[in-house]
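Hi everyone, thanks for making time. I'd like to walk you through a structure that you may not have seen before, so let's put it up on the screen.

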Protein chains: 4
Amino acid sequence: MSLNGKEVSFTSSDASNEKITAAKMPYKSYRPRSVSTCSTDSCSSASLSEDDIPVRSKIQQNSSGFSDFCIKDIRLKDFGRREIEFAEQEMPGLMSLRKQVMENKPLRGAKIIGCTPITAPTAVLIETLGSLGAELRWCACNIYSTQNEVGAALAEAGFPIFAWRGESVDDFWWCIEKCFEGKNWKPNMILDDGGDATNFCQAKYPSIFKNLIGIVEESTTGIHRLYKLLKAEKLLMPAININNCVTKTKFDNRYSCRESVIVSLKKCTDLMFGAKQIVLCGYGEVGKGCCQSLKGLGCIIYVTEIDPICALQACMDGFKVVKLNEVIRQVDIVITATGNKNVVVREHMDKMKSGCIVCCMSYCHNEIDVAALRTPELKWEKVRSQVDHIR
Amino acid sequence: MSLNGKEVSFTSSDASNEKITAAKMPYKSYRPRSVSTCSTDSCSSASLSEDDIPVRSKIQQNSSGFSDFCIKDIRLKDFGRREIEFAEQEMPGLMSLRKQVMENKPLRGAKIIGCTPITAPTAVLIETLGSLGAELRWCACNIYSTQNEVGAALAEAGFPIFAWRGESVDDFWWCIEKCFEGKNWKPNMILDDGGDATNFCQAKYPSIFKNLIGIVEESTTGIHRLYKLLKAEKLLMPAININNCVTKTKFDNRYSCRESVIVSLKKCTDLMFGAKQIVLCGYGEVGKGCCQSLKGLGCIIYVTEIDPICALQACMDGFKVVKLNEVIRQVDIVITATGNKNVVVREHMDKMKSGCIVCCMSYCHNEIDVAALRTPELKWEKVRSQVDHIR
Amino acid sequence: MSLNGKEVSFTSSDASNEKITAAKMPYKSYRPRSVSTCSTDSCSSASLSEDDIPVRSKIQQNSSGFSDFCIKDIRLKDFGRREIEFAEQEMPGLMSLRKQVMENKPLRGAKIIGCTPITAPTAVLIETLGSLGAELRWCACNIYSTQNEVGAALAEAGFPIFAWRGESVDDFWWCIEKCFEGKNWKPNMILDDGGDATNFCQAKYPSIFKNLIGIVEESTTGIHRLYKLLKAEKLLMPAININNCVTKTKFDNRYSCRESVIVSLKKCTDLMFGAKQIVLCGYGEVGKGCCQSLKGLGCIIYVTEIDPICALQACMDGFKVVKLNEVIRQVDIVITATGNKNVVVREHMDKMKSGCIVCCMSYCHNEIDVAALRTPELKWEKVRSQVDHIR
Amino acid sequence: MSLNGKEVSFTSSDASNEKITAAKMPYKSYRPRSVSTCSTDSCSSASLSEDDIPVRSKIQQNSSGFSDFCIKDIRLKDFGRREIEFAEQEMPGLMSLRKQVMENKPLRGAKIIGCTPITAPTAVLIETLGSLGAELRWCACNIYSTQNEVGAALAEAGFPIFAWRGESVDDFWWCIEKCFEGKNWKPNMILDDGGDATNFCQAKYPSIFKNLIGIVEESTTGIHRLYKLLKAEKLLMPAININNCVTKTKFDNRYSCRESVIVSLKKCTDLMFGAKQIVLCGYGEVGKGCCQSLKGLGCIIYVTEIDPICALQACMDGFKVVKLNEVIRQVDIVITATGNKNVVVREHMDKMKSGCIVCCMSYCHNEIDVAALRTPELKWEKVRSQVDHIR
């Protein structure tokens, strides 16, 4: 079967969902989720014989006898601790905060429900909050994003963590509920990423909700939900929009993607970047970051952009601004970073040359219309973890 | 135990040898050996139950009944074929050569013994030679460098391949011998990488040696050996020094390392490059390539260099040229690319800050004096594949 | 005489004022004022014998007999026209606007008083306004910033221009007044740069002021004045703050300075940039632009910055962030782009090495404390136009 | 008249010759000749009333009464001395050599005839040779390349200099002869740039020629002449080929042009580089240098190249390699750096868009076929010094 006799290889998670996750940037931390995932996997498979007992049925207990958590496998704790230690070295701000104010316990009295990816960097945040006096219970905001070894290390350290990689949807809500249901536990703050804990709280625990001192929300989705609440006059407490703070928009987006675009594409495809022709759809912070590092590796870059200011910036930065159709037949790689849906559609994909790589750097699942490739005449072949070959 | 209370984490293969291989560049192809390795491993462990039968005792047979080969596991053939297909896309020169002259079989009569890494790119070379009419038998030039899935794909395609990842030294020489011992096989050329096949031929098969039409040698080591033969008037046939050709020195060294330094360090350490202080020892082609991509990712780079022209180039390229001792206390990463031994010694390592990463980009095993860290007061901990933490 | 036996050469206009104008960027256009100036000078001196008649006493008349203007020398008109034509090629936006709406004369009825530098780019603006139907009278906002040849070309084209290079302060206000005093002239808009025309209007022509339809103001100074008026409830009409628009802050500051820092320093000093150590004080848009081009020419760059976000950006862009005192003894060039006063003071200058170049890229006259160098033991020698050597 | 209704503005010296000199790089020093020239001109015209006495008829005497020289105007000496002092700061190698070995006078006995451009940098060389003990007499190798103020400073310092800007051809040879005709002067070395002094010596002073200890030659032309002599067995003494030394090919060509391409184009045209489309013909050292700095200023760059290795390097450095005809209609600037003739011909120029700038960065006068534009239907207009507008 063939798509005009051409092949389009790109990254997809698995046949059952439409997300493109492989080359997708972790929008929350500088660390490619895929890399974390990979580490976990190889470690698990190498050092532990996997059992098939459902996680929620396992006996959960750390070396101190503490058992108020639910994670994949406590035996991964040492590996997870080393991962956290690596992350600590990259997070001098939080580490220095610990040293400076640890003794005063400025967060004493804070009872925080956290709902974020459980990765090494968030573990550094969790342990910092703890060392400053906060009490907390934590779950994952995404069924795929937990590093099991990090969960184990946190559980070993005595944190009530409810998360594992590959939760079912039912598991997902069960974990969130566990964060609300602690013994003598009256949470007064939510640190959310996506708004699920916040919404759950409002729906299921209205008495807790109305007594919250505050909410911190990071994602665009979560922020939209909060604005809805605000409009409906149901947002009763201060909510901090972390999503728009300068250290996220300027740093997380730009500087993180500058590195992760390289690593993710390299990991998935082993291609050499030098002399590759690339079209970058979108010249916002993410696009700017990607262009910078790809330029540094000798790529020939085109940019598509509908915002006139961003388009002008692309020009002034030395990138030719084009329409996607003008270059789609010649490029080796298409990267989307617009935040809009259907930026790359079947019509574009039909014109791509064989082996063209398509990758999504933004948070939108539907920026590339992958569903349009699920047609009978096309054959999907999984060639690597998170990479499909379509012809 | 402690090294002045500091930690030096860097890459080492395993306790039994002194080589630093993790962040070390594949000097022969653009593809980090470590990455290949990893792919192989995870694939093997995921999809096949490993048996412990020694490779040489296994029954070796492909789907056509052909059995003149010795590889790890023929079942890896499909995975290997996809890897080769990926590589083909990156090697338009060879692929175009196949098309242009395939029918004329210009290599008819060539009987080649090959001794190189068995990776996807070399598979493209092997299959090109075959399609142009050459006969060949091939083994690995290094006990670690075989991608087992690529060996399987080549065996499936009918090539007499003798190589697997993790050969013993005895296996290594057995494989080379198998390349000489084919049925009705009168090899007349050697394509060597390191000189082992050439030396073996001269010592064990003098009658073949004296009838060789020619030798191709890629590595510095192999070239040195050929010059010795030449001096002793024992080099009886033309030998082509691939090592010094411009497409190797200018491209392989510079442009490959420009990419692999990023990927290898990222893979091993997950660190963020932006704002990291790095000292690059040596500003030859490898050093120039590394500096370019690291600069593109926002690193602050210092260079050490003893050659005045290269030092001047580093200056003119905007890198401060220093002595290693001037910056050793402040840098986050030390990268060596000099080709000399003992560039980074214990004295330097004692001064590094905690968590400083040390990595070797050149071919020399002893550029970093790792042996000097094998002292009783230092504790080595393996934290990831090919990464040790020393404190 | 000596400053600790060292020499500090930098750019200064002349002994009678404290401004550093040579290497200072034109904050209003992409074109270094110094270059324009130079062109003018050499042209004048080469092709015309300078007379010493005061400009206001000259007979002013163009080839059509029109005489409602006051400029240096109408004979410069052809040279000025070519300069304007050059500028037109660089200003496709305005040129395209002319074509698109010229026939509709959408600015019919607009009676504009303009007070800006009279340069080739502003001439393109002036002629565009005219071609769209506006009536206008124009003067200079700065006694130094007029290109006499451009004034001549505009006068020849029939525009009432009142400006020349080297006006006295009395001339300056006389020229502004001439813009208000046209025959049958009821101005209804002001296009201002610095606020002088606006303030003059409010003070001297209150009846015009209260009937103004609107004001456009570009400079920071002028904006401050408008806010004062607003606070005093005397700003009776809409005023557009051009100063803060994104095409100024992002483009004019960053991309213009990226080029002008190179050209201005090169013009003044003939130095080679490669391998020069430079400290850039301030990493705002101007600093970012300067760093980018200087890095592209192989400079080794340090940054000083007090804003934490900008400092972090400098780090992530690969520039070492330091305190000025840490590097002042070693750098070859000091560039200020902070917008603050006394960033470089005598104490720093006493530590600089001989021949260190000091240059100001921002609009502030007192960013470098030049006055502190007017001490008896220091000898100033003018070595080139706008460059002094101090020892 | 018109060239397909288009305009091609580029740099030409004057109507009487076909050389393009404005944007042409000084291949001998890092300093754009045009800039020097300009400084001289404006200084002369500003501070001195030019007399029309032929230089050779002037009374030549410095403040010490020394008169064995022939220069434009001794009154320029102070200005020239400052220019030399500027250059000294940029030439730490020679300056440090002076300090180290000045006392030993290692060049005692050297009697050197020099024939080079007389610029500030060569003055530093001349004075260094003198301070190390050499005797010398010096003339210009080019009728245009003398900085008169530098000649004056050298004459004031007691050096026998015979050179001025704008020599006639007769003057040129008279000056060379003066270098051979000193009192009690037995030259034993020639430092040549172009081979004119060497050839003159061989033809007119055979007795001096055969006793020469050695020759140093810098230019390609001069080297060709020496090879001819060698072939004819007339090269009786060692001759050093400076032209091919690494510090010239790698540094002078690459790093100097990296800066001078920017400054020269800016000076001639005032254009903004950001977002300009540029085609660079030739990716040798000069081309590489130009591309680097133009890329740093945000240009969109195409490369034409016939050498496969250089073409591959251009690709790997991120520049699209094209044929000139593919991009000639869209580019804003055409830069030649091939060293071949007729790289840009009338056919290309007919296709360029209006206002396209054409500039030659190599040493070849005929790289751009300017003569082909001297046709009746084209009107040449000199718009600035060294810039013509053709339509």
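I'll talk about how the chains meet, then about salt bridges, and then about how some helices pack.

One thing before we start: what you're looking at is a predicted model.

Okay, let's begin with chain A and chain B. How many residues does each of them bring to the contact? Chain A puts in 39 residues, and chain B puts in 39 residues too. Together they bury about 3,300 Å² between them, with carbon and sulfur atoms giving 52% of that. If you want names to look for on the chain A side, try F86(A), E259(A) and M272(A). Those three supply 19% of the area that chain A buries against chain B, and no other three residues give more.

Now, what about the charged pairs here? Between chain A and chain B the count is eight salt bridges. Here's one you can find on screen: E85(B) with R391(A), where the closest N and O atoms sit 3.8 Å apart. On top of that, there are 13 residue pairs in polar contact, counting pairs with both residues at pLDDT 80 or more.

Which elements of chain A supply at least two residues each to the side touching chain B? You've got α1 (33-47), α2 (77-89), α10 (246-269), α11 (285-296) and the strand β13 (380-384). Of these, α10(A) gives the most, with eight residues. And if you sort that side of chain A by class, you get 13 nonpolar, 11 polar and 15 charged residues.

Right, over to chain D and chain C. The contact there takes 39 residues from chain D and 39 residues from chain C. The buried area is about 3,300 Å², and 52% of it is on carbon and sulfur atoms. On the chain D side, the residues that lose the most area to chain C are F86(D), E259(D) and M272(D), which together make up 19% of what that side buries.

This interface has eight salt bridges. One to zoom in on is E259(C) with K266(D), at 2.3 Å from N to O. As for polar contacts, chain D and chain C have 14 residue pairs, again with both residues at pLDDT 80 or more.

Which element gives the largest share of the chain D side? That would be α10(D), with eight residues. The elements of chain D that each supply at least two residues also include α1 (33-47), α11 (285-296) and β13 (380-384). By class, this side has 13 nonpolar, 11 polar and 15 charged residues.

Let's step back for a second. Over all chains, a search of the whole structure turns up 80 salt bridges. One of them sits inside chain A, between K250(A) and E285(A), at 3.2 Å from N to O. I like this one as an example of a link between distant parts of the chain: K250(A) is in helix α10 and E285(A) is in helix α11, 35 residues apart.

Last topic: helix packing. When two helices pack, you describe them by the angle between their axes and the distance between the axes.

Start in chain C, with α2 (residues 77-89) and α4 (residues 120-131). Their axes come within 8 Å and cross at roughly 80°, so α2(C) and α4(C) are roughly perpendicular to each other. Who touches whom? From α2(C) it's R81(C), E83(C), I84(C), A87(C) and E88(C), and they meet A120(C), P121(C), A123(C), V124(C) and E127(C) of α4(C). That contact has six nonpolar, no polar and four charged residues.

In chain D, α2 (residues 77-89) and α4 (residues 120-131) pack at about 80° with their axes 8 Å apart.

But α2(D) also packs with another helix, α5 (residues 148-156), at about 95° and with the axes 7 Å apart. That makes α2(D) roughly perpendicular to α5(D). The α2(D) side of this contact is K77(D), F79(D), G80(D), R81(D), E83(D) and I84(D), while α5(D) brings E149(D), V150(D), A152(D), A153(D) and E156(D). Sorted by class, you get five nonpolar, one polar and five charged residues.

That's it from me, so over to you for questions.

How values were computed:
Residues are numbered from 1 along each chain as its sequence is written. Chains are lettered from A and ligands numbered from 1 in the order in which they are written. This is a predicted model: local features need pLDDT of at least 70, side-chain atom pairs count only at pLDDT 80 or more; totals for chains, interfaces and linings use all residues. Side-chain values use heavy atoms; hydrogens and water are left out. Axes are lines fitted to C-alpha atoms, for helices over the stretch in contact, and angles run from 0 to 180 degrees between N-to-C directions. Helices (H or I, at least four residues) and strands (E, at least two) are DSSP runs, numbered from the N terminus. Angles under 35 degrees count as roughly parallel, over 145 as roughly antiparallel, 65 to 115 as roughly perpendicular and the rest as oblique. Contact means heavy atoms within 4.5 Å. Ala, Val, Leu, Ile, Met, Phe, Trp, Tyr, Cys and Pro count as nonpolar, Asp, Glu, Lys and Arg as charged, and the others, Gly among them, as polar. Buried area is the accessible area (1.4 Å probe) that two parts lose on being put together, summed over both. A salt bridge is a side-chain nitrogen of Lys or Arg within 4 Å of a carboxyl oxygen of Asp or Glu. A polar contact is a pair of N or O atoms within 3.5 Å; within protein, one must be able to donate a hydrogen and the other to accept it, and residues adjacent in sequence count only if both atoms are side-chain atoms.
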